[in-house]
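Hi,

Here is the structure I said I would pass on. Have a look at it first, and then read on for what I found in it.

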Amino acid sequence: MVEELLTAGVAAGSVGAVYVLAAARVVKQYERGVVLRLGKLQQAVRGPGFTMIVPFVDRLRKVNMQIVTLPVPAQDGITRDNVTVRVDAVIYFKVVDAAEAVMRVEDYRFAVSQMAQTSLRSIIGKSDLDDLLSNREKLNQGLELMIDSPAIGWGVQIDRVEIKDVSLPETMKRSMARQAEADRERRARVINADAELQASKKLAEAAHEMAEEPAALQLRLLQTVVAVAAEKNSTLVLPFPVELLRFLERAQQALPQQQPPAGTGQD
């Protein structure tokens, strides 16, 4: 009799152990457990830790609540100004309602990926090339809104969307390089012309001052001689005074006036 009771106890313990092993589940800290009992959703979502289900009756599906980084494959499109580009992006999203993510959509990751690709192509068609290259923050916000609207119904929240790279055709790259080079050359010419204008104004002011003070020109000549001598050259060039040339010119003009007129004489 004792042996029969002992055998029955061991059998019951074995059955209990098998039941516990079949029913025991562990939900991690970053997960939530959604229970389907005979195909019907149970309202209580299992939190992290140890939990029990009914074997062969309940089905526990774990949902990751961490932020997911999902790369969007590069999409080819034509911008609003008729330029062919290839754009790729990356999406950061997370599940905020585990039950909705399980019941509303078959595979929320695949659904978000497909929605991101179609939204990216739509953004490319609505934007200019300059916006894709220099105004990405605004495009990121618009892309985030386009994806987040349907994703809310799936229990998914879009955290951030970033456009990674914009690939241009080689012909467009060469055209942009030529345009940038021409623009830099234009700015250089404008700066050079402005410098010449300022220099000419300063030279005109200096000439006006020297015209009022002839001695200033002589001082400038002496400074030039000092500057040339400081170079330690074997040949020293001395400038000829301009005032001396003017004196000789005035003397030459006065000389014909002092000579007597031709054909006159004493009888």
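Helix α5 has 16 residues, and from its first C-alpha to its last it reaches 22 Å, close to the 22 Å expected at 1.5 Å a residue. Keep in mind that this is a predicted model.

Which residues of α5 are buried? They are Leu139, Asn140, Leu143, Ile147, Asp148 and Ala151. These cover an arc of only 160° around the axis, so they sit on the same side of α5. That fits the usual helix geometry: with 3.6 residues a turn, residues three or four places apart in an α-helix point the same way. On the other side of α5, Lys138, Leu145 and Ser149 are exposed. As for what the buried residues of α5 pack against, that would be β7, α3, α4 (129–134) and β8.

Now the sheet. It is an open one, built from 3 strands in the order β6-β7-β8 with antiparallel pairing. β6 (68–78) and β8 (156–167) are at the edges; each has a single partner strand, so one side of each has no neighbour in the sheet. From one strand to the next, the twist averages 25°. Between β7 (residues 84–95) and β8, which run antiparallel, there are 10 bridges. If you want a spot to zoom in on, Tyr92 stands opposite Arg160 in β8.

Two helices pack on this sheet. Helix α3 (residues 108–126) touches β6, β7 and β8, and its direction makes about 35° with that of β6. Helix α5 (residues 136–151) touches β7 and β8, with its direction at about 140° to that of β8.

Back to α3 for a moment. Its 19 residues should span 27 Å at 1.5 Å a residue, and the end C-alpha atoms are indeed 27 Å apart, which agrees. What caps the N-terminal end of α3? Asp107 does: one of its side-chain oxygens lies 3.2 Å from the backbone nitrogen of Arg109.

The buried residues of α3 are worth colouring in too: Tyr108, Ala111, Val112, Ser113, Ala116, Gln117, Ser119, Leu120, Ile123 and Ile124. Their cover includes the strands β5 (58–64), β6, β7 and β8, along with the helices α2 (98–103) and α5.

Shout if you would like to go through any of this together.

Cheers

Key:
Residues numbered from 1 in each chain as written. Predicted model: local features only at pLDDT ≥ 70, side-chain atom pairs only at ≥ 80, totals over all residues. Heavy atoms only, no water. Pairing = 2+ DSSP bridges. Helix = DSSP H or I, 4+ residues; strand = E, 2+ residues; numbered from the N terminus. Axes fitted to C-alpha atoms, helices over the stretch in contact; angles between N-to-C directions. Contact = heavy atoms within 4.5 Å. Expected span 1.5 Å × (residues − 1). Buried < 20%, exposed > 50% of the residue type's maximum accessible area, 1.4 Å probe, protein only. Polar contact = N/O pair within 3.5 Å; in protein donor to acceptor, adjacent residues only side chain to side chain. Arc of directions from axis to C-beta.
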